[in-house]
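Work through the following exercises on pockets with the sequence and the model open side by side. Each task is followed by a solution that proceeds step by step.

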Amino acid sequence: MTSTSATKVPVEFNDKVVRQFMLASIIFGVVAMLAGVFIASQLNFHQLNLAEWLTFGRLRPLHTNAAIFAFVGNMMFAGVYYSTQRLCKVRMGHDTLSAIHFWGWQAIIVAAAITLPLGLSRGKEYAELIWPINIAVAVIWVVFAVNFFLTLHKRNEPSLYVALWFYIATIVTVAMLYIVNHLSIPTSWTHSYGVFGGVQDGLVQWWYGHNAVAFFLTTPILGIMYYFLPKAAERPVYSYRLSIVHFWSLVFLYIWAGPHHLLNTALPKWLQMLGMFFSLMLWAPSWGGMLNGLLTLRGAWDKLRTDPVIKFFIAGVTFYGMATFEGPLLSIRAVNSLSHYSDWTIGHVHSGALGWNGFMAAGLFYWLAPRLWNTKLYSISLANFHFWIGTFGILLYVVAMWISGIMQGLMLNQVTQDGLALKNTFLDTLQAIRPLMGLRVIGGAMFLVGWVVMAWNLWKTIRSGKPVNEVREVAVIQRGSVDTMGMKETFFNDPTTYTIGGLLLVFGWIFLPSGADVASLVCAVIFGWMAVKRFRQTSKTWSFWYEKLLHNYLPFTVLTFVAVVIGGLIQIVPTVTVNSAKNVEDRVQKLYEPLELAGRDIYVSEGCYNCHSQMIRTLVPDVMRYGEYSRLGESIYDHPYQWGSKRTGPDLAREGGARPDSWHYEHMMDPRSMSPQSNMPSYAHLKDKPFDQNALPKKIAVLSQLGVPYPAMDATSIKMKALEQGAKIAEELKKSNIVVRPDSEMVAIIAYLQKLGQFEPVEDILTKKGQGIPFPLSPVIPDKSRNAAVTH
């Protein structure tokens, strides 16, 4: 359609919702960072655990959820709503949907801020929210998706710009990840058990956890980078072709990398190697995106000296490059054996969350505020001060955590001269890194000060102007000129045929048995050669197909979903569909008695998993310190799994029976009395608080429904068994002159701790089955490669 025949109409963009999300992000950014500084201080000063709802274990999930969903989430929505309307040359799909999205998201954040300190948690990192809130998250996400795709449907710009590609990937992938990982069966309005347990739960959790970072904290921010950085620099994106390679390789490869969070654990080795392999491959697309962003500033580097927006954007992109170099590095098994469970990982996470997300957010807000309120930035000097104090703060934080993590890892692995014993206790390593944990507090506080300065600067900016909605004249496109590609044209063409065919052959090389895998690899090489030859012959046809694809948002969305779902299916389906009872190696976890189950739920509620792992890795120092390496069958009934990701305290996988009940009681009442210089908070409030007896029958019924082989028991017998075991523990404590209620949460958590590590050998199970005693488990041959890892 020619410009002379195009109908031009004025379009007023909905910038009100952009302003709302921006202000919410600034406010919740302060909350998240303040919570982070406070809990970092608690690790050095245990006295700051002021009340049961202000302990580290309960506040750490509040900090992470506030940082991810409240701070970055609101910033992301502000950037998406602003740029999507301009890229589509149309107002957002529906004002009511935009309002529901904003207020619904804030209500979710408030609900999380109330429930997490109260100990209402699912016990899974970045997925702690209880099931009613999870349903609300899903509903509001659907509202966001409908609003976004409705905007694409009525757009007045035929082609989808690169930023929109990343937004589409974010919307479809986060929905998939969130729903699968949060599948659960409620036992009450505030509690549920996830449908996955043990190794399956660990795999699904980090499939979600890693890709929450990828598709909530990375892809939407990359979309924002591709829109706002060229706007700020007044230069086009450096390379359109590089952006194509960046997008498709990133969304395809990222989804595979989750297992690198479980290296050297009981996770099947093939999944560990798969996660490591694809994590290393992520170096290429991640750095391709970083270079595309940095080189966009070509010819305009002088602005770096004078424009604070450019400063923040370039520093943010640089931190993105640093974090995406470090991530694959940490996924190498040898490096991971040192870094995992240590502060090195904490430094890595914060270089991304503060350096990448935080600086991109600051640059975005400094660019948006003058335009949304039709004024000038109040103070460039304050913005520059924010940049430098924030940069120094995050560098101090990250470097301190690098040194702390490496130091602690080396100290934990250090043995005596004869090599027969470990040289340092866990507390020795904790004392050694205390100064570095103090530097973390200082670095985080400096970043927080910078953010508060920005908030003041923007507040003064807002006060000097008034809110405006941009109005722009746009040419209305004919509906029949876009979105005409059908599914047949989408899939049956050279680009998709060669891509899917090549992937299937590569998968054959990875998964087929010896002999067939080589044949599949040879076929993949031949097929790849044929694809390259075909591309050279018909490159214009391939380019024409892709340009047409960009005129059709639904086929583009479907192909994006296919790209991300392939990796998820390859990882999860083999592990989930195989009967979990076969994944036990040579031993099986003993069932939790009712009181022990109550204690386990208290352990989760108090957030103990934030500091303690329950997974002894196949590494000599781990085995020397904690006992035999953990087997798959030893966590088969754990909903949720408790392998952990950080050891602020020692591993507890074999804690059961290692110490008397009285030790655990005194340790929970006053950790320093048993472990001098410990930074663990006191849990004295558990002493007089009764555990919930009435909840146990429903909990056991749900676990039975999930495959845990509890014998038939009525509600009365369940409660009686719990009270009888509690009475025995109380009687044992009385011998040490300790008086405690047999129905207290203290007794319940002691019962749970004493059960950890108890198992039944598979041989005994086979004997029971031979005697006609029903048992649902079947043994497998232990993984000899994991035994070799320990003995050598």
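## Exercise 1: the largest pocket

Task: establish how the residues that line the largest pocket divide by class, and then work out where that lining comes from.

Solution. In this predicted model, the lining of the largest pocket divides into 28 nonpolar, seven polar and two charged residues. The next step is volume, which for the largest pocket is about 1,500 Å³. Among the 37 residues of its lining, those closest to the pocket centre are Ile244, Trp248, Pro495, Thr499 and Trp542. Turning to the elements, two or more lining residues are given by each of α8 (240–254), α9 (269–281), α19 (494–511), α20 (516–537), α21 (539–549) and α22 (553–577). Of the contributions to this lining, the largest share is that of α19, with nine residues.

## Exercise 2: the second largest pocket

Task: describe the second largest pocket by its volume, its central residues, its contributing elements and the classes of its lining residues.

Solution. Begin with the space in the second largest pocket, which is about 850 Å³. Its lining has 40 residues, and the closest to the centre are His612, Gly649, Pro650, Leu652 and His667. The elements that each supply two or more residues to this lining are α1 (16–44), α2 (56–88), α16 (426–432), α24 (620–626), α25 (661–669) and α29 (745–755), and the largest share, four residues, belongs to α25. Sorting the lining of the second largest pocket by class, as a last step, gives 21 nonpolar, 13 polar and six charged residues.

Key: Residues are numbered from 1 along each chain as its sequence is written. This is a predicted model: local features need pLDDT of at least 70, side-chain atom pairs count only at pLDDT 80 or more; totals for chains, interfaces and linings use all residues. Side-chain values use heavy atoms; hydrogens and water are left out. On a 1 Å grid over the protein atoms alone, a cavity is a set of points where a 1.4 Å probe fits but cannot get out, and a pocket is an open set with protein on both sides within 12 Å along at least five of seven lines; lining residues have an atom within 4 Å of a point. Grid points are joined across faces, edges and corners, and a volume is the space filled by probe spheres set on the points. Ala, Val, Leu, Ile, Met, Phe, Trp, Tyr, Cys and Pro count as nonpolar, Asp, Glu, Lys and Arg as charged, and the others, Gly among them, as polar.
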